[in-house]
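Colleague: I would like a close look at a single part of this structure and at what surrounds it. Please take one buried charged residue as the starting point and work outward from there.

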Amino acid sequence: MYILSMDFGTSSIKASLIDEHLRTVDTVKEEYFFKIPKPNFVELDPEDVFSAMLKCIKRFGPYHDGIEAIAYDTFSPSVAFMDKDGNPLYPIITHLDRRSSEQSKKIIREMGENEFQRITGTFPFTGGASVTTMLWVKENMPGIYGDTCKIGHLVTYLYKKFTGHWATDPTNAAQMAMYETIKWSGWSKEILTQFGIDESKLPEIHNAGTVLSGLSREFSRLTGLKEGIPVLLGTNDATVAHVGAGNNNPGDILDISGSSEIITILSDKPVTNSKYYLRNAYYPGQWQIFAITTGGFAIDWFKNEFCREMSKEEFFSSYVPEIMQRNPAENPVTFLPYLTGDRQSLRKKKGTFNGLSLDTGRDEMLLSLLTGIHEPVIDTIRLAGEFQKLNPVIKLTGGLISENFINFKKRLLKGFDFEQKDDCPILGNAITAVRYLNNAKT
């Protein structure tokens, strides 16, 4: 028996076959690329994502008869406008998109920051609260909005493709910022009424891991997978990564170091703050304290702009580890990590180096960048520790992880230790699927 577990990231899909003992049998990966058609627009073609997924599934051809369930996760926000058959009417508008700043201002002006946060657990951050994107499309592309049957994230688009059913989970609903996040209680009538959003355009909300239907005949014929096998409703990648990391209790911390630097902390107290997002966690009755900034994207940018003479191997295997050995506290240069903006700010931010002089070299600049991408992590942990006891062992996952990087993090986060966990989203999906199949047998 195998679980097909799929992790849809910002720039690629990773798919794995996991057996009933949670052992990885095979793994494949396919890339896709977002587009920037104009300033502040960052979009992804959903058909590119779908095509990449089909390529992964095809490569598992010899295993198809043994696949007994599908579980998946996606990056989000990832806003999709779809017709009645689930076909996209417009590219996916990603979390990196910043076109809806005026809509953020409108929400603050007409509802107020505090009232909005009281319901949703967050502020109407551009790129981090999908309601701003929806309002932008409604105001600037009324034809697209009018023709739309359902609006959801990539999770909803995929579940419709898999099963024919419309659905989303509480984490993605929270990120859409029209959900009663604090109460775990459904779409907010107050927000929908205030901004003229038709609730019929929104998918039903079900807990992540719910099986509403088996794999559709259409998708079965398209892929060769068995018709009717259960498909678990997906969730956000960082949400299910907690499950894969073994985090179940309030105060458990997960640090994800990849293209972005992400900190997410479980809590049983819905305490809001302007410096982080409050989202629903995988298990009902828990929330995530969540913050994100650019990570690997910033390091790649530095390599391309300042270290062009180095090969990728030399840069990541030799140069970066060498710089990580230095003491960040002794560096006169600082870096504000907003090369892709700030999803936790109502104003547009940009990355900045401070403390430069004629004596400054790229070594100091890289050290400041590596330090700066951790500032939101440090701040969020400090804030969460003010109202709950934190686990002193931080689970750590992501493509940037190495022994040098772990030691660097220890110097920045004194008092904490780290436990490396690989492929947390993939494993988290598989854990939930195995639980479902075991419960179904009994």
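Modeller: What follows starts at one lysine and then moves to its neighbours, the sheet, the cores and the salt bridges. The model is a predicted one.

Lys 150 is located in strand E8, which spans residues 150-152. Lys 150 is buried but has no salt bridge. Glu 204 is the nearest side chain of opposite charge, and it is 7.3 Å away. Because a salt bridge requires a side-chain nitrogen within 4 Å of a carboxyl oxygen, Glu 204 at 7.3 Å does not qualify as a partner. The lysine side chain has backbone oxygens within reach instead. A polar atom of the Lys 150 side chain lies 2.7 Å from the backbone oxygen of Ser 200, and the side chain also reaches the backbone oxygen of Leu 202 at 3.4 Å. Leaving aside residues up to four places away in sequence, Lys 150 touches Ala 80, Phe 81, Met 82, Trp 166, Ser 200, Lys 201, Leu 202 and Pro 203.

Next, the sheet. Strand E8 belongs to an open sheet of four strands, ordered E4-E7-E6-E8, with antiparallel pairing. E8 and E4 (43-44) are the edge strands, each pairing on one side only. At the E4 edge, E4 pairs with E7 (residues 92-94) in the antiparallel sense over two bridges, and Leu 44 stands opposite Ile 92 in E7. Strand E6 covers 78-82, and the loop between E5 (67-74) and E6 contains Pro 77. The peptide bond from Ser 76 to Pro 77 is cis, with omega near 0 degrees.

Helix H6 comes next in sequence. It runs over residues 154-163 and is mostly covered, with nine of its 10 residues buried. The buried residues of H6 include Leu 154, Val 155, Leu 158 and Phe 162. Gly 164 follows H6 and has a positive phi, near 85 degrees. Tyr 157 is placed in this helix. With a relative accessibility of 2%, Tyr 157 counts as buried. Its C-alpha is 7.0 Å from that of Ala 80, although Tyr 157 and Ala 80 are 77 residues apart in sequence. Ala 80 is also among the residues that Lys 150 touches. Not counting residues up to four places away in sequence, Tyr 157 touches Pro 46, Glu 47, Phe 50, Met 82, Gly 86 and Pro 88. Met 82 is likewise on the list of residues touched by Lys 150.

As to the wider packing, the largest nonpolar core has 71 residues. Val 131, Met 178 and Ile 197 are the residues with the most contacts inside it. Beyond residues up to four places away in sequence, Ile 197 touches Val 131, Met 134, Leu 135, Lys 138, Tyr 145, Met 178 and Leu 192. A second, separate core has 37 residues, among them Met 6, Phe 60, Ile 67 and Tyr 72.

One residue in this region has an unusual sign of phi for a non-glycine to note. Trp 184 has a positive phi of about 55 degrees although it is not a glycine, and it lies in the loop between helix H7 (170-176) and helix H8 (189-194). Trp 184 is buried, with a relative accessible area of 17%.

To set Lys 150 in context, consider charged residues that do have partners. A search of the whole structure finds 23 salt bridges. Lys 226 forms one with Glu 68, where the closest N and O atoms are 2.7 Å apart. Lys 226 lies in the loop between helix H9 (217-223) and strand E9 (235-236) and Glu 68 in strand E5, so the pair ties together parts that are 158 residues apart in sequence. Lys 226 counts as partly exposed at 28% relative accessibility, and Glu 68 is partly exposed with a relative accessible area of 29%.

Another salt bridge joins Lys 409 and Glu 261, with the closest N and O atoms 2.7 Å apart. This pair links distant parts of the chain, as Lys 409 is in helix H15 (residues 403-412) and Glu 261 in strand E11 (residues 260-267), 148 residues apart. Both Lys 409 and Glu 261 are buried. Lys 409 is thus a buried lysine with a salt bridge, whereas Lys 150 is buried and has none.

Methods. Residues are numbered from 1 along each chain as its sequence is written. This is a predicted model: local features need pLDDT of at least 70, side-chain atom pairs count only at pLDDT 80 or more; totals for chains, interfaces and linings use all residues. Side-chain values use heavy atoms; hydrogens and water are left out. A nonpolar core is a set of buried Ala, Val, Leu, Ile, Met, Phe, Trp, Tyr and Cys residues joined through side-chain atoms within 4.5 Å. Buried means under 20% relative accessible area, exposed over 50%, partly exposed in between (1.4 Å probe, protein chains only). Contact means heavy atoms within 4.5 Å. Lys and Arg count as positive and Asp and Glu as negative; His and the chain ends are not counted. A polar contact is a pair of N or O atoms within 3.5 Å; within protein, one must be able to donate a hydrogen and the other to accept it, and residues adjacent in sequence count only if both atoms are side-chain atoms. Two strands pair if DSSP finds at least two bridges between them.
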